[in-house]
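User: I am new to this structure and would like a close look at a single part of it. Please take one helix and follow it into its surroundings.

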Amino acid sequence: MTVSSCMPEHPSERTVTHTQALERVEQLVRETAAALTPPAELEIIPYSTPPNPCAWSDDGIPLRFTINRKYWLRGLPDGGVVTAARQVHDHWEAQGHAITSTGGFEAGHPSITGTSSPDGFVLALAWTEGDNLYLAATSPCLPPEDRDHESTQPGGSW
């Protein structure tokens, strides 16, 4: 099963800045990694750092963007990807996030996607060649970064 961190085409119902979205993405990933036993180290996947267009004008100009981060989970025990994936699944459920798909557990190539609650960020855990896992989180579709934009989220934090 191939998993991607695609976002729905519906814009975010709440307005947050790119900085706030990045903080939430990082929080979701780090809290998930911290729930693993034994602990895993996070290694950023560099191509995951730029904002990604998610809505375009009729002329093909990006109008809205998602904020995404993907991290390799390093330091898992040999053959520990399925155990780690089950722990991720259990952590997301315990946090009240919706699990939207799972697959590959029987073959030793687990993948999980979900949606964070209450804010609708996409969550993903995916197996890759070499028996590696990556963990990702992606914001809802946001307006372009505007340094003068203020969040409508009370207190401006998660």
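Analyst: What follows takes helix α2 as the part to look at, then moves outward to the core, the sheet and the disulfide.

The model is a predicted one. Its protein chain has two helices and eight strands. Read from the N terminus, the elements come in the order α-β-β-β-β-α-β-β-β-β. Of the 158 residues in the protein chain, 44% are buried.

Helix α2 covers residues 81-94, which is 14 residues. At 1.5 Å a residue the helix should span 20 Å, and its end C-alpha atoms are 20 Å apart, so the expected and modelled spans agree. After α2 comes G96, which has a positive phi, near 85°.

Which residues of α2 are buried? They are V81, V82, A84, A85, V88, H89, H91 and W92. In an α-helix there are 3.6 residues a turn, so residues three or four places apart point the same way. The buried residues of α2 pack against one helix, α1 (18-34), and against the strands β5 (98-103), β6 (111-115), β7 (122-128) and β8 (132-138).

This packing leads to the largest nonpolar core, which has 28 residues. The members that touch the most other members are L73, L76, W92, I112, L125, L133 and L135. At least two residues of this core come from each of α1, β4 (68-74), α2, β7 and β8. The largest contribution is that of α2, with six residues. W92 is thus named twice here: as a buried residue of α2 and as one of the core members with the most contacts to other members.

L76 shows how the helix is joined to its surroundings. Setting aside neighbours within four places in sequence, L76 is in contact with A40, V81, A84 and L133. Of these, V81 and A84 are among the buried residues of α2, while L133 is, like L76, one of the core members that touch the most others. Another core, of six residues, lies apart from the largest one; I45, A124, A126 and Y134 are among its members.

Several of the strands that α2 packs against belong to a sheet. It is an open sheet of six strands in the order β1-β4-β8-β7-β6-β5, and the pairing is antiparallel. Its edge strands, β1 (41-44) and β5, each pair on one side only. From one strand to the next the twist averages 20°. Within the sheet, β6 and β7 pair in the antiparallel sense over five bridges. I112 stands opposite L125 in β7, and both residues are among the core members that touch the most others.

The disulfide remains. The structure holds one, formed by C54 and C141, whose sulfur atoms are 1.8 Å apart. The link is right-handed, with 95° about the S-S bond. C54 lies in strand β2 (residues 52-56) and C141 in the segment after β8, so the pair ties together parts that are 87 residues apart in sequence. Are these cysteines buried or exposed? C54 counts as buried because its relative accessibility is 14%, and C141 counts as buried because its value is 1%.

Links between parts distant in sequence also show in the contacts of the chain. Among contacts with a separation of 6 or more, 64% are between residues 24 or more positions apart.

Definitions and conventions: Residues numbered from 1 in each chain as written. Predicted model: local features only at pLDDT ≥ 70, side-chain atom pairs only at ≥ 80, totals over all residues. Heavy atoms only, no water. Helix = DSSP H or I, 4+ residues; strand = E, 2+ residues; numbered from the N terminus. Expected span 1.5 Å × (residues − 1). Buried < 20%, exposed > 50% of the residue type's maximum accessible area, 1.4 Å probe, protein only. Contact = heavy atoms within 4.5 Å. Pairing = 2+ DSSP bridges. Axes fitted to C-alpha atoms, helices over the stretch in contact; angles between N-to-C directions. Core = buried A, V, L, I, M, F, W, Y, C linked by side-chain atoms within 4.5 Å. Disulfide = S-S within 2.5 Å.
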